[in-house]
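These are my notebook entries on a structure that I had not examined before. I record what I looked up, in the order in which I looked.

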Amino acid sequence: MRNIFFMIPVILLGYSTAFAGDTIRMGTEGAYPPYNYIDDDGNLAGFEIILGNELCARANLTCEWVKNDWDSIIPNLVSGNYDTIIAGMSITAERDKVIDFTQNYMLPRPSAYVAASEDVDLSGVISAQTATLQAGYIAESGSTLIEFATPDETISAVSDGEADAVFADYDYLAPIVEASNGDLMFVGDQVVLGLGTGMGIRESDTELKAKFNQAITSMKEDGSLNKLLIEWFGEGILTY
Amino acid sequence: MIFDCSSPDQLDRLMWSLCYLSNGKHITFYYSILKVLVLLALAAPISIGLGLFLAMLAKSDISPIKLLGKFIILIVRGIPDIAWFMFFVIALDQGLEWVRHITLCPDWTEPIRQGADFLVCEKAKLPSNSSSETIHEIYGFILAIITFSIIFGAFAGNIFSGALEAVPKDQIETAEAYGLNPRQIFWRISFKQMWIYALPGLSNLWMILIKATPLLFLLGIEDIVYWARELGGAKTPRFTEYPHGDWRLWYFLFLLIFYLTLTKLSEKVLDKLTRKLTYGMGFSGENFLQRQ
């Protein structure tokens with residue numbers, strides 16, 4: 001406790017800035033397995049955590065992970081609370097107006113419907129996470145959209161019968177369907193949305209963007225990105 | 001770890017529960033309970049201090065100071081908590097960074113706002129990028145305490161000015177008759193006696209403060225609501241040793257019990273305090289409690 005009180009003046013007066021180096025703060029959601037999630041020990045884990053650490057190592061950056069709700073993940077990037085978003089975020093024209101993206105580190109992935117029975121009506125009530133590509137797609141498809149703040153709640157909505165089906169990333173849904181013992185199943189057609197998954201970076205941060213682009217390219221070239229993708233998403237994943 | 005939790009799927013129910021409830025994620029959950037208690041422990045006295053200060057401003061004989069006190073109380077009380085939270089924390093953070101930017105980086109020529117981006121020089125960042133995530137969390141927590149204190153301080157200020165009015169006029173007149181000057185009258189008569197009149201309002205405010213602590217969640221601070229939601233969500237076997245279905249109901253039930261217990265304990269303490277404050281005041285604490 002004494003340390004905390006000691007730190008207050010230190011933080012406010014700015015002695016803590018003595019070691020300003022190349023520390024990059026990486027924002028992620030921590031609720032979207034296998035991309036990013038919190039493991040049993042309470043630490044961040046997942047494909048993007050491994051990938052992000054590797055990219056930072058290649059770009060010679062010290063990186064620190066930051067958890068942030070999905071809802072406010074873009075506003076907090078532009079106001080400078082962290083420097084990158086690496087949270088399974090698809091590159092879209094709309095987001096590109098507010099922030100910049102690195103090249104993608106995953107090719108466009110299909111989104112899919114999951115329901116509790118085969119004969120569900122996909123023009124009924126569909127759940128999706130707020131401010132996602134999937135929510136945008138459902139809103140335009142003519143079905144009734146109900147949005148939730150976390151991906152987890154979109155699934156619960158189907159289990160509870162609140163929604164007829166959930167529309168989300170195939171890779172997020174697959175382990176859940178597998179673990180449900182037949183209670184949940186994929187229905188309807190898969191849809192490929194977006195331009196792949198990339199890291200979000202402030203528009204003014206061109207230097208950082210270049211560094212990460214270079215690191216991603218080097219991982220694509222030596223095949224380590226493909227290896228990582230297969231490890232986390234299985235053999236069916238599209239590789240570079 | 002005290003228990004052998006290496007392969008949870010082999011354990012019987014009791015051991016499984018013990019292991020589950022003592023994993024790192026749950027420890028973080030318990031730690032977040034502490035966060036709520038620390039917030040209460042710090043925000044309450046700061047609010048009372050600020051409330052007294054505002055009440056004195058509002059009672060001042062100098063009219064600009066009086067107006068300022070009344071204005072602050074009015075503004076903070078009139079704006080919805082959530083709007084105030086959203087606005088104030090961002091404004092305070094960016095305001096501090098802006099001041100530091102101007103003082104620490106005078107040579108910086110680029111504009112601070114570029115499109116949607118808010119940019120200050122590396123040195124002005126608060127806390128700096130290189131400080132650990134713990135420091136960032138503490139900084140966020142301090143901002144939250146300041147915000148809570150200002151909101152509840154304004155309400156307390158209003159309660160205190162009412163309580164000062166409620167001190168019987170006869171007492172003031174008697175004090176005058178004894179030749180006490182206004183300063184002495186304030187500190188020795190009004191200030192000492194107003195507490196009992198302020199107490200019902202303050203205890204109400206304390207209860208509201210307890211209930212308002214989940215607002216921390218809105219500020220991006222990982223409080224008990226965040227962890228209850230995260231822990232309660234269904235977990236698939238691939239990403240955890242302890243897969244389970246949707247347990248949010250149980251976790252939220254726990255929150256319910258936690259907050260109810262806190263309320264009950266507070267009631268007891270506040271009752272005692274009332275009795276103590278009314279001691280020797282012409283009416284007993286018992287009577288005062290019944291009169292309410």
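The entries below concern a predicted model and take up a chain contact, a helix and a single residue.

Entry 1, the contact between the chains. I asked how many residues each chain gives to the contact. Chain A contributes 38 residues and chain B contributes 43 residues. I then listed the elements of chain A that give two or more residues to the side touching chain B: helices H1 (2-13), H6 (151-159) and H7 (170-179), together with strands S1 (23-28), S3 (36-38) and S5 (62-67). By residue class, this side of chain A holds 17 nonpolar, 13 polar and eight charged residues.

Entry 2, helix H6 of chain A. I wished to know whether H6(A) is mostly covered or mostly open. I found eight of its nine residues to be buried. The buried residues run through Pro151(A), Asp152(A), Glu153(A), Thr154(A), Ile155(A), Ser156(A), Ala157(A) and Val158(A). Among the elements of chain A that cover them are strands S2 (31-32), S8 (110-115), S9 (125-129), S10 (144-148) and S11 (165-169), as well as H7. I also noted that Gly161(A), just after H6(A), has a positive phi of about 85°.

Entry 3, Thr239(A). I located Thr239(A) in the segment after helix H9 (224-233) of chain A. Is Thr239(A) buried or partly exposed? I class Thr239(A) as partly exposed, because 15 other C-beta atoms lie within 10 Å. Leaving aside residues up to four places away in sequence, Thr239(A) touches Asn226(A), Leu229(A) and Ile230(A). Finally, I compared Thr239(A) with Glu118(A): they stand 121 residues apart in sequence and 31 Å apart in space, C-alpha to C-alpha.

How values were computed. Residues are numbered from 1 along each chain as its sequence is written. Chains are lettered from A and ligands numbered from 1 in the order in which they are written. This is a predicted model: local features need pLDDT of at least 70, side-chain atom pairs count only at pLDDT 80 or more; totals for chains, interfaces and linings use all residues. Two residues are in contact if their C-beta atoms, placed from the backbone, lie within 7 Å. Helices (H or I, at least four residues) and strands (E, at least two) are DSSP runs, numbered from the N terminus. Ala, Val, Leu, Ile, Met, Phe, Trp, Tyr, Cys and Pro count as nonpolar, Asp, Glu, Lys and Arg as charged, and the others, Gly among them, as polar. A residue is buried if 20 or more other C-beta atoms lie within 10 Å of its own, exposed if 12 or fewer, and partly exposed in between; C-beta atoms are placed from the backbone.
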